[in-house]
Every structure is written in C-alpha cells, then in structure tokens.
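Reader: Could you take me through the packing and the backbone of this model, step by step?

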Amino acid sequence: LWSALIVALYRAGRQADALDAYQRARAILGDELGVDPGPELRAVEAKVLAQDPSLLVSAPSPIRTCPWKGLAAYEPSDADYFVGRDRIVDEVIARLVDYSVVIVTGPSGVGKSSLVRAGVVPALASGAIIGSADWRVELISPGSHPLGVVRSAVEDRPDLLVVDPGDDLLSVNSGSDIAAIARALRIAIAQGMRLVMTMRGDLFGRLSELNGLAPRAGAGTVLLGVPRDEELRQMVELPARHVGLEVEPALVEAVIVDVGGRPASLPLLSTALVRTWQRREGNRLTLSGYHAAGGT
C-alpha cells in the first residue's frame with residue numbers, strides 16, 4: 001500500500017510528496033516493528049529519485065469483454081471463445097466425410113447447440129473438409145412451424161443444412177407433417193445435401209418417426225458427453241486468455257471439482273463464469289469471486 005501511494009503521488013507530479021511518503025513509511029516501520037523498509041519500497045524510492053520513466057506506465061485497461069455466454073448457446077460468431085470441444089468437433093467432421101446425415105445427441109445442457117454452431121460450422125468454413133470453405137450452409141431453428149421452415153431451407157439447396165434443435169421436427173401434432181418433413185429432407189439429401197441435426201438423448205428414439213432418416217443416421221451419430229477435466233480447464237483458461245484476463249489456478253481447480261461428471265452443468269458453468277467476471281479484481285478472476293457468485 002505504501003508503494004502504491006508513493007507511485008500515485010509521483011504520477012500526480014508530486015515527487016517531493018512521494019519521497020516524503022517513503023520517509024513516513026520508513027519511520028513507522030522502524031518505530032512500530034523495528035524493521036527497515038523492504039526491497040520493494042526501497043526500489044520504488046530509488047525510481048522516484050531517478051525519475052524512472054517506468055513509474056509513469058499506466059495500469060492495464062480493464063477488460064470490458066466477457067468471453068462466456070451464460071445460458072445462451074454459442075453462435076458461429078463466438079468461435080474464438082468456444083474451446084474445449086476440439087475432440088468432438090473433429091469427430092463430427094470425420095462423420096461428415098463419410099455420411100450425409102450426422103446426428104449430435106446427448107442430455108440437455110451438455111452443449112449440443114454450441115458444438116454445432118460455434119464448433120462445427122466455423123471449422124467447415126475454415127476448410128476442415130476439402131472444399132467445405134465454399135459450402136453454402138443453412139442453419140435453422142425449426143420452432144413451432146417446422147414443416148414450413150424445413151421446406152424453405154431445402155429450397156435454397158444448401159450444401160449443408162444444420163437443424164438445431166432437431167427436437168422441433170417432432171413437436172408437431174400432425175403425423176402427416178412429420179412425414180412431409182422427412183420427405184423434404186430425404187429428397188434434399190438424395191440431391192447431395194448433407195444434414196447435421198442436434199437431438200436430445202431422451203428423444204433420440206423418436207428419430208424413427210422421420211421415416212428414412214434413422215437408417216442413414218445410425219453410423220453418423222455422435223454422442224456428446226460431459227467434458228474431460230482438461231477440456232473443462234480449457235473452457236475456463238483459454239477464453240480468459242483471449243481477452244486478456246488472468247485466472248487464479250485455484251478457481252480452475254474448483255470448477256473441475258464442481259462440474260466434472262455433471263452432464264447438464266455447462267450452462268451453469270458459463271453463467272457462473274459470467275458472474276465471476278462481474279466480480280473480477282482488475283483483470284483477474286478469483287476463487288473468492290467465483291464463490292461470491294454462487295459457484296455452479
């Protein structure tokens with residue numbers, strides 16, 4: 001604190017007051033503790049006496065970008081912050097080389113939407129498959145009117161159609177609508193379109209209702225599970241590093257303990273990291289901030 005005071009006074013153009021603060025610190029240390037100033041204080045005094053230019057270097061600017069999304073899915077524009085899933089992204093890409101239909105399935109909260117949107121789509125745009133940088137990619141969320149959305153999408157004849165969430169295709173009450181959706185997709189696939197679709201694990205069995213797609217999807221199915229410890233570490237450290245944040249090692253270890261093995265924990269983790277970022281100390285994320293945010 002004495003060092004900070006001395007530097008602040010010097011930066012304000014008050015060199016004499018800065019040197020006086022050093023003498024006051026020296027007197028207090030001697031009178032109350034019987035010790036001389038330590039190396040840090042002596043070094044600061046020497047710099048003030050020498051008018052060292054390094055004393056005028058400003059502190060780093062506060063980080064104003066939070067690299068986590070909370071409960072929202074990561075989008076293609078968030079690819080720089082979507083990390084820790086390279087292994088599964090590569091697996092989906094490998095399936096797309098051999099199969100025209102790839103289903104990404106797993107429990108709710110395991111990150112299926114983020115994987116395809118911020119992982120697979122940007123990887124293809126970067127040429128992960130020969131020629132994929134030139135693919136026309138259509139990404140749709142079918143919503144409550146999936147038949148119309150699917151028909152409109154395939155009419156554009158994309159090279160790749162990404163349906164997220166694919167659960168929406170089964171949300172209609174009309175069996176004829178489901179049959180029409182399946183028919184539109186089968187025709188587009190027969191004409192050369194590839195399909196990537198996310199689907200909740202507990203609904204995966206209903207894929208058979210999309211007549212003709214289930215047999216195609218068998219070998220092209222990718223099961224998304226909980227991240228490994230090292231992947232969790234990357235999810236904390238790499239986005240922080242990308243925007244210039246420091247992370248206390250103890251915070252990373254706490255995340256691994258709290259999240260490891262919990263399949264629906266990733267949105268909770270992202271939300272906890274947003275709240276920890278809101279409680280950051282300068283440009284540093286701390287374990288105390290994580291605990292104050294409620295953890296995961």
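Author: This is a predicted model, and a pair of helices makes a good start: α6 passes α7 in a left-handed crossing. The contact is made by P146, L147, V150, R151 and V154 on the α6 side, and by D177, A180, I181, A184, L185 and A188 on the α7 side.

Reader: How do the residues of the contact of α6 with α7 divide into nonpolar, polar and charged?

Author: Ala, Val, Leu, Ile and Pro count as nonpolar, whereas Asp and Arg count as charged. Among the contact residues, R151 belongs to α6 and D177 to α7. The division is therefore nine nonpolar, no polar and two charged.

Reader: Are α6 and α7 roughly parallel or roughly antiparallel to each other?

Author: The axes of α6, residues 146–155, and α7, residues 175–190, come within 9 Å and cross at roughly 15°. Angles under 35 degrees count as roughly parallel, and the two helices are therefore roughly parallel.

Reader: Which strand pairs with β2, and in which sense?

Author: V137 stands opposite L160 in β3. From β3, which spans residues 160–163, L160 and V162 point one way while L161 and V163 point the other way, and all of these are buried. The pairing of β2 is with β3, over four bridges, and its sense is parallel.

Reader: Where does the peptide bond from D164 to P165 lie, and is it cis or trans?

Author: P165 is placed in the loop between β3 and α7. Most residues other than glycine have a negative phi, and most peptide bonds are trans. For the bond from D164 to P165, however, omega is near 5°, and the bond is cis.

Reader: Which residue in the loop between α6 and β3 is partly exposed?

Author: The loop between α6 and β3 holds R157, whose phi is near 50°, a positive value in a residue other than glycine. Partly exposed covers the range between 20% and 50% relative accessible area. At 49% relative accessibility, the partly exposed residue is R157.

Reader: Is S270 buried or exposed?

Author: S270 lies in helix α11, residues 266–278, and touches W68, K69, G70 and Y74, leaving aside residues up to four places away in sequence. Its relative accessibility is 7%, and under 20% means buried, so S270 is buried.

Reader: How far apart in space are H145 and D168, C-alpha to C-alpha?

Author: H145 has its place in the loop between β2 and α6, and is exposed, with a relative accessible area of 61%. H145 and D168 are 23 residues apart in sequence, and their C-alpha to C-alpha separation in space is 8.4 Å.

Technical notes:
Residues are numbered from 1 along each chain as its sequence is written. This is a predicted model: local features need pLDDT of at least 70, side-chain atom pairs count only at pLDDT 80 or more; totals for chains, interfaces and linings use all residues. Side-chain values use heavy atoms; hydrogens and water are left out. Axes are lines fitted to C-alpha atoms, for helices over the stretch in contact, and angles run from 0 to 180 degrees between N-to-C directions. Angles under 35 degrees count as roughly parallel, over 145 as roughly antiparallel, 65 to 115 as roughly perpendicular and the rest as oblique. A crossing is left-handed if the near helix is turned anticlockwise from the far one by less than a right angle, and right-handed if clockwise. Contact means heavy atoms within 4.5 Å. Buried means under 20% relative accessible area, exposed over 50%, partly exposed in between (1.4 Å probe, protein chains only). Two strands pair if DSSP finds at least two bridges between them.
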